[in-house]
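Dear colleague,

I am passing on a structure that I have been going through, and I would be glad if you could keep it open beside this message while you read.

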Amino acid sequence: MMSLPGPAHQPSPLHTTAKRGRPPAPISPDAGLSHCAWLEPVRNSLFASRLTLDDLVVRSGYSKTRISQLLRGNDYYPPWEITFSVTRALGLPTRPLRRLWAVAAREARKGDDWIKNCIEQVAHQGEEPPLPYQAFTDDVRGIYTDYARAFLLTDQRAHWVVSEAFDILWVCWDTATASDNLHRYAWRLLRSRVMLRAPRHHDGRPDLRAAVFSTREVHNNMTVPGHLVVLTELVDLFDAITRLPDDQMDAAVLHYLCGTPHQAIAHVLAIAPTLTHAVDHHARATVEALLTTPTPE
């Protein structure tokens, strides 16, 4: 079992000085969604640092070819040993990266024994999350999960995607806290992970029609005469919601599907409370117009 010491100097992922040398080639299109979930922040950290691939060779002990393959996500799924060595050299937290790596390994059809053996090759004491990060995620977890469930339909999928987003946020925590608005940064991250896995219409819009069956109106009216009319109207309504601009759609989903109060919506979307009502007003007006506009033949 190997034990790797931390680097003598861990570069800040927020360093803005131009990096020497040529950056790695783009991520391979064959890399899966879960693979990219950890690979993208790792590459962003490298781009923002002063380290070159030659520096990573010295710090990690692996060849430039193998590091380049890791950073591109091509040829093979990397064992945890080299992944840990490279990310440690960049000063990134191990615990969230190890979880993200393991999920992506299963996506790459690696067996549980392979994953376990890879992890056991590296002796490392997992660090605790920063207290401000822990407080932030505890604060928004419920609303984030409700939003994810509206698109992904099951509690299991919703909790999994929120956990993935929070692990990425931990990896990027320095960048997130240095951004103009932490809540906005985190919401965009969560939203991007949900949308990557949400069912889609042919035109690329998220498909909320299946969420109709989870609404209180449908449950309360299943045995009432005319319930099919209610069902059809809700399908049309939810379909129209997905045609809204992103902020308006998010506010509509949170308020009308998740039952989130306007004040809480303003909090997680990082907009002024007065703007929440304005967004809701515009959303309702736009939905009404969409519902009353004849569909082109």
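Below are the points I noted, beginning with the whole chain and ending with two loop residues.

Please bear in mind throughout that this is a predicted model. The secondary structure of the protein chain comes to 15 helices and 0 strands, and buried residues account for 44% of its 297 residues. If one takes the contacts between residues at least 6 apart in sequence, 69% of them join residues at least 24 apart.

The interior comes next. Nonpolar side chains tend to be buried together in soluble globular proteins. Here the largest nonpolar core has 75 residues, and those with the most contacts inside it are Trp38, Leu56, Tyr144, Tyr147 and Phe151. Helix α7, which covers residues 131-152, contributes the largest share of this core, namely 10 residues. To follow one of these core residues outward, leaving aside residues up to four places away in sequence, Phe151 touches Val194, Met195, Ala198, Pro199, Pro206, Leu208, Met249 and Val253.

One helix pair deserves a description of its own. Two packed helices are described by the angle between their axes and the distance between the axes. For helix α8 (residues 155-171) and helix α10 (residues 182-197), the axes come within 9 Å and cross at roughly 135°. The pair therefore counts as oblique, since an angle would have to be over 145 degrees to count as roughly antiparallel. The crossing of α8 and α10 is right-handed. On the α8 side the contact is made by Arg157, Trp160, Val161, Val162, Glu164, Ala165, Ile168 and Leu169, which meet Tyr185, Ala186, Leu189, Leu190, Arg193, Val194 and Arg197 of α10. By class, the residues of this contact divide into 11 nonpolar, no polar and 4 charged. Val194 of α10, which takes part in the contact with α8, is also among the residues touched by Phe151.

Finally, there are two backbone points that you may wish to look at. Most residues other than glycine have a negative phi. Asp75, however, has a positive phi, near 75°, and is found in the loop between α3 (64-72) and α4 (80-89); its relative accessibility is 64%, so Asp75 counts as exposed. Leu153 likewise has a positive phi, in this case near 80°, and lies in the loop between α7 and α8. With a relative accessibility of 41%, Leu153 counts as partly exposed.

With best regards

Notes
Residues numbered from 1 in each chain as written. Predicted model: local features only at pLDDT ≥ 70, side-chain atom pairs only at ≥ 80, totals over all residues. Heavy atoms only, no water. Axes fitted to C-alpha atoms, helices over the stretch in contact; angles between N-to-C directions. Helix = DSSP H or I, 4+ residues; strand = E, 2+ residues; numbered from the N terminus. Parallel < 35°, antiparallel > 145°, perpendicular 65-115°, else oblique. Left-handed = near helix turned anticlockwise from the far one by under 90°. Contact = heavy atoms within 4.5 Å. Nonpolar A, V, L, I, M, F, W, Y, C, P; charged D, E, K, R; others polar. Core = buried A, V, L, I, M, F, W, Y, C linked by side-chain atoms within 4.5 Å. Buried < 20%, exposed > 50% of the residue type's maximum accessible area, 1.4 Å probe, protein only.
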